[in-house]
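Take a look at the chain shown here. This report walks through its strands, its sheets and its cores.

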Amino acid sequence: MTKRHFINHYLDFWLFNKNSIVPIYLNYFLFMNNSRITTIIIFCFLLAYGQTYSQMADEPRLTKMEVAVFKPAKQEATEENVKKLKIPQGFKIEKFAEDLGNARMITVHENGNIYVTARDEGKVILLKDSNGDGKADDKQVVSELKDVHGLSIQDNKLYMVTIKEIYSADIKEDGKLGQLQKLVDDLPDGGQHPNRTIAFGPDNKMYVSVGSTCNACEEPNPEHATMLRFNADGSGKEIYARGLRNTVGFVFHPQTQELWGMDHNSDWLGNDEDQEDLNKIEEGKHYGWPFVYDDGKKMPHREPEDKDHDEFIKETTFPILMYQAHSAPMAMAFYNGAQFPQEYRQDAFVAMRGSWNRENPTGYKVVRIKYENNEPQEFEDFITGFLLEDGRSHFGRLAGLAIHTDGSLLFTDDANGVLYRVSYQGN
Ligand SMILES: [Ca+2]
Ligand SMILES: [Ca+2]
């Protein structure tokens, strides 16, 4: 963890509490050794005072939290490390492309061409596998846009989203792009969650996830921590759903056309809270953040101003399933291909980027969400092994994920700049 990261995290905790109308005493002890373990023990002594607060709480309240920050060291994605990955029998995983920089989101054209964003480099990269051997043999930068992240293809146009802007461009026969058109230039500021993602719904509208600026604060801009919806030309902006802290991965179910998303949940609540949420995202609903987390828990020291916390809980839509806190869900896709065995059809896959706010790291893997009768049943590991040395190091932080037209599954690692391809070979 760099000094800058630590300061950001500490500031975030301070912001999380600064609006409290009770004094907060923080004692934090910072231990850092050469394995890059940081342990922060935070004691918050909250003493009731002030007229408003004393009417709400008769007793002083003590909140004691032990919070760990642990960032495994990065290793290279060597062939030897890739061979150690664990995947169900009959499947094969290989590097499809590498040296992609900060490889983030992926989208696949119906002709099989792949577009991937390199966010830190501000590039959209086109990858082609012309001879169908499961490895890219052509790599070209087709667009340069600062902070470009989310991608989607609709009506043969590539849509690209940066922090505040949405662009589209016609896709030419050779995969290159025509003139860029700026459709939107006023998405809310990024803050702590600047990674916008975009997808088209069955209504031919453009859905854009706008995360919160912070860990758990009250946002002055009502468009933060929402799913926004636009017409395909960027007009008609509306807030589709609220209270979503940072739903990077969201996707429409191929049969029901329902919108499902994985919300990337809050830090500083210990090793096993706040869990990551699988939500069915519906118009007009509020998913709780920053006042309510998981299936109806009150966020400490974060009470709605205009209503009672319990009343707010009643108006909150809870997740359908929850997953290990701090796993950091990123892109999500339903398996709509024909290559994997029948049991995978219409299940979903999620790239879990992995934790920094947990003593024993979690995530760093691809998980499968089993759906039955179009309802999610459970999470199951699909690809693990990116963590090495009992979790002290890793060789991949997973971000983008998409299903290729040939039925293989693609995902990126933004730390080593690799795009992996998972294919089914049979038993
Ligand atoms: Ca090839
Ligand atoms: Ca949660």
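## What buried means

A residue is buried if 20 or more other C-beta atoms lie within 10 Å of its own. Keep that cut-off in mind. In strand 32, L409, F411 and D413 on one side are buried, and so are L410 and T412 on the other, which leaves both faces covered.

In general, side chains in a regular strand alternate between the two faces of the sheet.

## The whole chain

This is a predicted model. The chain holds four helices and 33 strands. It has 427 residues, and buried residues make up 43% of them.

How much of the contact count comes from residues 24 or more positions apart? Among contacts with a separation of 6 or more, such residues account for 55%.

## Strand 32 and its two partners

Strand 32 covers residues 409-413. Five of its five residues are buried, so the strand is largely enclosed by the rest of the structure.

Strand 31 is one partner. Its residues are 398-403, and four bridges join it to strand 32 in an antiparallel run. One of the pairs is L398 with D413 of strand 32. The two strands form a hairpin with five residues between them. G407 sits in that turn and has a positive phi of about 90 degrees.

Strand 33 is another partner. It spans residues 418-424 and pairs with strand 32 over five bridges, again in the antiparallel sense. Here R421 in strand 33 is the bridge partner of L410. This hairpin has four residues between its strands. In it, G417 takes a positive phi near 70 degrees.

## The nonpolar cores

L410 appears again in the largest nonpolar core, which has 89 residues. Which members touch the most others? They are A333, A351, L401, L410 and L419.

Consider L401. Leave aside its neighbours within four places in sequence, and L401 is in contact with I106, A331, M332, A333, F349, A351, V366, L410 and F411. Another core, of seven residues, lies apart from the largest one. Its members include A216, F291, V292 and M299.

## The sheet of strands 11 to 14

Now move to an open sheet of four strands. Its order is 11-12-13-14, and the pairing is antiparallel. Strand 11 (150-154) and strand 14 stand at the edges. Each has a single partner strand, so one side of each is left without a neighbour in the sheet. From one strand to the next, the twist averages 25 degrees.

Inside the sheet, strand 12 (residues 157-161) runs antiparallel to strand 13 (residues 166-170), and five bridges join them. A hairpin of four residues links strand 12 to strand 13. K157 has D170 in strand 13 as its bridge partner. L158 stands opposite A169. Strand 13 also joins strand 14, through three bridges and in an antiparallel run. There, S168 stands opposite Q181 in strand 14.

## P188, in a loop between strands

Strand 14 (181-184) leads to a loop, and P188 lies in this loop between strand 14 and strand 15. Is P188 buried or exposed? It has 22 C-beta neighbours inside 10 Å, so P188 counts as buried. The cut-off for buried is 20 or more.

Which residues does P188 touch, not counting those up to four places away in sequence? They are V210, N221, E223 and H224. P188 and H224 are 36 residues apart along the chain, yet their C-alpha atoms are separated by 6.6 Å.

## The sheet of strands 15 to 18

A further open sheet of four strands has the order 15-16-17-18, with antiparallel pairing. Its edge strands are strand 15 (197-200) and strand 18 (238-242), and each pairs on one side only. In this sheet the twist averages 25 degrees from one strand to the next.

Strand 16 (residues 206-210) pairs with strand 17 (residues 226-230) over five bridges, in the antiparallel sense. Look at S209: opposite it, in strand 17, stands M227.

Terms used: Residues numbered from 1 in each chain as written. Chains lettered and ligands numbered in written order. Predicted model: local features only at pLDDT ≥ 70, side-chain atom pairs only at ≥ 80, totals over all residues. Pairing = 2+ DSSP bridges. Axes fitted to C-alpha atoms, helices over the stretch in contact; angles between N-to-C directions. Buried ≥ 20, exposed ≤ 12 C-beta atoms within 10 Å, placed from the backbone. Contact = placed C-beta atoms within 7 Å. Core = buried A, V, L, I, M, F, W, Y, C linked by C-beta atoms within 7 Å.
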